[in-house]
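Please open the model in your viewer and keep the selection tool at hand. The tour moves from one selection to the next.

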Amino acid sequence: MNLLLGVTGGIAAYKACELTSLAVKAGHAVQVLMTRHATRFVGPLTFEGLSGRPPFVGDDHLAPGRAMSHIDLAKWADVAVVAPLTASTLGRIAAGIADDALTTTLLALPARVPVVLGPAMNTEMWNHPLVRRNLDILREAGRYTVVEPVVKRLACGDFGPGGLAEPAELLAAAERLAGGRGAGGEPA
Ligand SMILES: Cc1cc2nc3c(=O)[nH]c(=O)nc-3n(C[C@H](O)[C@H](O)[C@H](O)COP(=O)(O)O)c2cc1C
């Protein structure tokens with residue numbers, strides 16, 4: 001299957017590398033889209049090495065030579081996963097904001113393309129009423145599946161919900177929702 005992987009600026013961004021590796025080994029084509037802040041945690045070269053495709057970073061979709069790439073990518077995808085999903089990007093998606101390659105492509109996805117969300121954040125952020133509201137908005141929109149974060153001792157030292165779900169669980173959710181599509185193809 002053709003998998004769009006959105007990576008945002010959370011401490012669990014390194015786990016998106018494992019998710020990329022698992023998906024490629026399973027025969028899927030992976031195109032990574034990173035927020036600008038995600039690059040503070042993991043370098044685009046790591047994803048290029050793992051997926052064989054240079055990631056889109058920040059507003060790369062506006063770069064010369066990449067015109068309409070967000071539309072082409074959206075049409076290419078069988079499924080999208082955003083993991084880790086920060087509170088900030090969750091808010092942008094729930095508000096319908098399209099201000100970088102990731103959020104613009106997500107908004108351009110055809111209605112048939114399911115989106116798996118792997119939120120990960122500090123427990124207080126996870127429990128914040130605005131984060132709950134944004135998750136509810138996306139659940140009600142129909143095409144988004146939230147893979148709940150796990151309860152653990154978080155990097156910040158707090159104990160509670162907020163840890164990113166396991167990469168294998170996120171990939172299994174994507175495969176299930178994509179309906180068992182086989183190996184991926186070339187991006188447009
Ligand atoms: C060390 C560190 C770890 C962070 N981890 C998270 C996180 O796990 N989840 C989260 O929502 N924000 C986290 N943040 C805050 C985000 O990086 C910040 O909100 C950023 O603006 C997110 O941008 P993006 O969603 O566009 O990638 C962290 C910040 C720092 C400095």
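In this predicted model, begin by selecting helix 4, residues 87-94, which gives the most to the shell around the ligand, with 3 residues. Widen the selection to the 16 residues around the ligand, and look for Gly9, Gly10, Thr35, His37 and Thr86, which come nearest. If you then colour this shell by residue character, you will find 8 nonpolar and 8 polar residues, and no charged ones.

Next, select helix 2, residues 44-51, where Phe47, Leu50 and Ser51 are buried. Look down the axis of helix 2: the buried residues fall within an arc of 85°, so they line one face of the helix. An α-helix has 3.6 residues a turn, so residues three or four places apart point the same way. Now turn to the face of helix 2 directed away from the buried side, where Leu45 and Gly49 are exposed. To see what covers the buried residues of helix 2, add to the selection helix 1 (13-25) and strand 2 (29-34), which are included in that cover. Before leaving this region, step to glycine 52, just after helix 2, whose phi is positive, at about 80°.

Finally, select the whole protein chain, which has 8 helices and 8 strands, and whose C-alpha atoms fill a box of roughly 45 × 30 × 30 Å along the principal axes. For 188 residues, a compact globule would have a radius of gyration near 16 Å, and the 15 Å of the protein chain agrees with this. Colouring by burial shows 45% of the 188 residues as buried. Among contacts with a separation of 6 or more in the protein chain, 77% join residues 24 or more positions apart.

Terms used:
Residues are numbered from 1 along each chain as its sequence is written. This is a predicted model: local features need pLDDT of at least 70, side-chain atom pairs count only at pLDDT 80 or more; totals for chains, interfaces and linings use all residues. A residue is near a molecule or strand if its C-beta atom, placed from the backbone, lies within 6 Å of it. Helices (H or I, at least four residues) and strands (E, at least two) are DSSP runs, numbered from the N terminus. Ala, Val, Leu, Ile, Met, Phe, Trp, Tyr, Cys and Pro count as nonpolar, Asp, Glu, Lys and Arg as charged, and the others, Gly among them, as polar. A residue is buried if 20 or more other C-beta atoms lie within 10 Å of its own, exposed if 12 or fewer, and partly exposed in between; C-beta atoms are placed from the backbone. The arc is that of the directions from the helix axis to the C-beta atoms. Two residues are in contact if their C-beta atoms, placed from the backbone, lie within 7 Å. The radius of gyration is taken over C-alpha atoms; the globule rule is 2.2 Å times the number of residues to the power 0.38.
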